[in-house]
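Thank you all for making time this morning. Please bring the sequence and the structure up on your screens, and I will walk you through a few regions, beginning with a question about one pair of strands.

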Amino acid sequence: MRLALVAGALAAALTLPSSSLTPVVAGPGDLEAIVKDEHGKPVADAVVSLTSSAAATPRRASPAIMDQQNKEFVPLVLPVAAGTSVTFPNRDNIRHHVYSFSASKRFELPLYIGTPAAPVVFDKPGAVVLGCNIHDWMVGYVYVLPTPYFAKTAEDGKASIGDVPPGAYEARVWHPRLRTETEKTATPVKLAAGEPGQVSFVITLKPDRRPIRRPTYEGAQGG
Amino acid sequence: MHFRSFRSRLVVVFLGLFALIQATGYVAVSAFVRASARHTVEDELRLASTLFARQLDVRTQQLVTATRLLSGDFALKTAVATSDHATTASVLENHRRRVDADVLMLAALDGQIVADTQGAARRGVEFPAPRLLAEAEAGRDASDVVAIGGRLYRLAVVPVLAPEPIAWLAAGFAIDDRTAADLRRLSGLHVSFVAGRDAGAVVHASTLGAADRATLARGVAGARARGVLDLGGGEHLVRVEPVGRDVVVVLQRPLAEALAPYDRMLLILLAVAAAGVVLALLGAVLVARRVSRPVLTLARGARRVAAGDFDVAVSVSQRDELGELATTFNDMVGGLRERERVRDELERTAKLKRFFSPQLADALSAGDESLLASHRRNITVVFCDLRGFTAFAEAADPEDVMRLLHDYHATIGPLVFAQQGTLERFTGDGLMVFFNDPVPCPDPAARAVRMAVAMRDAVAALLEDWRQRGHALGFGTGIAMGDATIGRIGFEGRFDYAAIGTVTNLSARLCQEARDGQILVSEPVYAEVESLVEAKPVGPLPLRGFSRPVVVFDVLGLRPQPTADAASAAAP
């Protein structure tokens, strides 16, 4: 058993050397990650990923779902491995017009109801910002990763990546409002077999500027 | 003349005071009106500037809203996201027309212009108001009034959301002379938009002419929020209100314009003041006259008093100090009159004493003077004179003549008064005395005869002395009784109390006829005194002036008898 040592070298703006190493007994090949902001508050919806310098054999990704529910994208952040097909079922009784102008995946699902026949395949890594042309406040993110090892933090800021083969990895974190580039969050992580690794990130977020949803009118109509 | 000037002084003082009050009032009102007009204009300007600011806010909000609407257009988003610049420019032009904006610009997130309705050449140029981009990025409504290419625009910037910001859309409405003119129509004020500060101030839009714009640019440099600016056409009240970070709206109104309605008021005020002065003048003259009239009356009265007329009573009806003065004056004149009367009386008494016995004179002067008025009465007249006096007067020394007369008069005068006779006249040696007038007496003839006898005896003694010195002098007396007209004759300053009538003539003739020592009395006189005297008739005498000879008696002397006691006892 040895301790995984994670040095948190974060973005220039952050400056906090934040690695905290605690010997923890965990399942084999697991990485426990925790993401906090500079005030120490846990950050939800952050995507933590592990990439190997060695060419990892991509696993076949299972299809994912991005719901539209009560005129919101659910989940807000959907991390997928590259090549994943995502379906966009519309669970509202009105139409939606989902689009993305993001470089990694540009697509448009003009006004539809129910589930479109063809899922959208996200094959290029990167953040894809989803919008709805008729509901300005609807924002969703599909984060396409070049690796199958990733997890999304919960409300407590914690995420767990399981079934990771032992080896040397780089841990990264992404968040829709991350001030810096994800590449700069790259943190080397060594995972030994049967020994859970730990990584913690302190990130700085941009202020939340999503268009404000006017609740009165829309709420009355919501389904 | 004094009083004229007193009156005019009074008028001048009165008028001067009134004019001073009016002038003070006018100046005060005028100052107040000016200040009030200024306040009004300042209020107007403040109100208008608030209104403009509010209006501008509303318009800007509308502009932001419109721009946000345009930014939500999916086609625009598509064109921008696909970096299709030609299409983007075309969409901008289309949307510019939709909202009737003057300019629409699209800037990339890095602040470079991607498309601009002002021309393709603007591509790649730095966005002219980078501060607005920063504000929009911070999530605020970003709008300002900015100068772009020498023109002013009200500019709003919103993000193009997809759904995160992919570009900035800016829409602008020009602020030009037409805008200023519109605002002027709305408010009646001069409106100018000035960008920049100090020496760099530029008037971009205005309702003013070119010359005034330059003045305004210089004047606004460093100007406070409000003040006074001297432009063509006089002083303007100015209010400067910021409408953008570097742009102010300058509102102005000529002071003269605001004062115009007050000018008429001031004119009316002036007219009222002038009318007041005229009325005051009339009033002052009336009052002055009212004050000076009694003074003049008093002065006239005083002049008359000075001239010796004491029958003056000034009539001043006022109950004020002048009235008091007039009363005092009248009292004073009354005093003078009283003194004059007393003096007159004394004088008159002295005069009376020439004719009457002192007792009678006193009685007369104490009583009323009507005794001396003309009347007819039965009197007894005594005439006497010296025989040979004319010859004596021619021959003797004047000193002797005067001495004789003096002694003679001194001798007979007391005798006249002893019998209370009225001395009618002195003529050198002659003397006329009558009785029963002006104060009647019960026994005029007796008195006359008694006096005549006393005179004869006294003069005889006096003449004896002179005869011895060789002067042949004698004394004759004539007495007559009858009606005579009696009264004052003469002229102012020389009156005599005279008795005119036959009786006077008769007694004078009898006197002429009498020889030395003779007392010739007429028959009626004798009849009265028959019991008192020894007399002998002197056959009827022919007398000049009398048609028939007159029966005359020569009184030789008084009978020895119980004299005056018996007479006075017999009288009642």
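How many bridges join strand S7 of chain A to S10(A), and do these strands run parallel or antiparallel? Strand S7, residues 84–87 of chain A, is joined to S10(A) by 3 bridges, and the two run antiparallel. Before going further I should say that this is a predicted model, in which local features need pLDDT of at least 70 and side-chain atom pairs count only at pLDDT 80 or more, while totals for chains, interfaces and linings use all residues. Residues are numbered from 1 along each chain as its sequence is written, and chains are lettered from A and ligands numbered from 1 in the order in which they are written. The helices and strands I name are DSSP runs numbered from the N terminus, with helices being H or I of at least four residues and strands being E of at least two.

Returning to that pair, Val86(A) stands opposite Val120(A) in S10(A). The two strands belong to an open sheet of 3 strands in chain A, ordered S3-S7-S10, with mixed pairing, where two strands count as paired if DSSP finds at least two bridges between them. Its edge strands are S3 (64–65) and S10 (120–122) of chain A, each of which pairs on one side only.

Elsewhere in chain A, strand S15 (residues 167–174) and S16(A) run antiparallel and are joined by 5 bridges, with Ala168(A) standing opposite Lys190(A) in S16(A). In a regular strand the side chains alternate between the two faces of the sheet. Strand S16 (residues 187–191) of chain A shows this alternation, since Thr187(A), Val189(A) and Leu191(A) point to one face and are buried, whereas Pro188(A) and Lys190(A) point to the other and are not. Here a residue is buried if 20 or more other C-beta atoms, placed from the backbone, lie within 10 Å of its own, exposed if 12 or fewer do, and partly exposed in between.

Let me turn to some backbone details in chain A. Most residues other than glycine have a negative phi, and most peptide bonds are trans. Asn70(A), which is not a glycine, nevertheless has a positive phi of about 55 degrees, and for Lys71(A) phi is near 60 degrees. Asn70(A) lies in the loop between strand S4 (67–69) and S5 of chain A, and Lys71(A) is found in the loop between S4 and S5 of chain A as well. Asn70(A) counts as partly exposed because it has 13 C-beta neighbours inside 10 Å, and Lys71(A) is partly exposed, with 19 other C-beta atoms within 10 Å. The peptide bond joining Val74(A) and Pro75(A) is cis, with omega about 0 degrees, and Pro75(A) sits in the loop between strand S5 (72–74) and strand S6 (77–81) of chain A.

Chain B has a cis bond to show too: it runs from Ala162(B) to Pro163(B), with omega near -15 degrees, and Pro163(B) is placed in the loop between S4 and strand S5 (165–175) of chain B. As for chain B as a whole, there are 15 helices and 18 strands, and 34% of its 572 residues count as buried.

How do the two chains meet? Taking two residues to be in contact if their C-beta atoms, placed from the backbone, lie within 7 Å, 10 residues of chain B are in contact with 9 residues of chain A. Helix H2 (residues 74–81) of chain B gives the most to the side of chain B that touches chain A, namely 3 residues. Within H2(B), the residues Leu76(B), Lys77(B), Ala79(B) and Val80(B) are buried. These four lie on the same side of H2(B), because they cover an arc of only 165 degrees around the axis, the arc being that of the directions from the helix axis to the C-beta atoms. Just after H2(B), Ser83(B) takes a positive phi of about 55 degrees.

A last stop is His85(B), which is found in helix H3 (residues 85–99) of chain B and is partly exposed, with 15 other C-beta atoms within 10 Å. Not counting residues up to four places away in sequence, His85(B) touches Val114(B), Ala115(B) and Arg123(B). His85(B) and Arg123(B) are 38 residues apart in sequence, and their C-alpha atoms are 9.2 Å apart in space.
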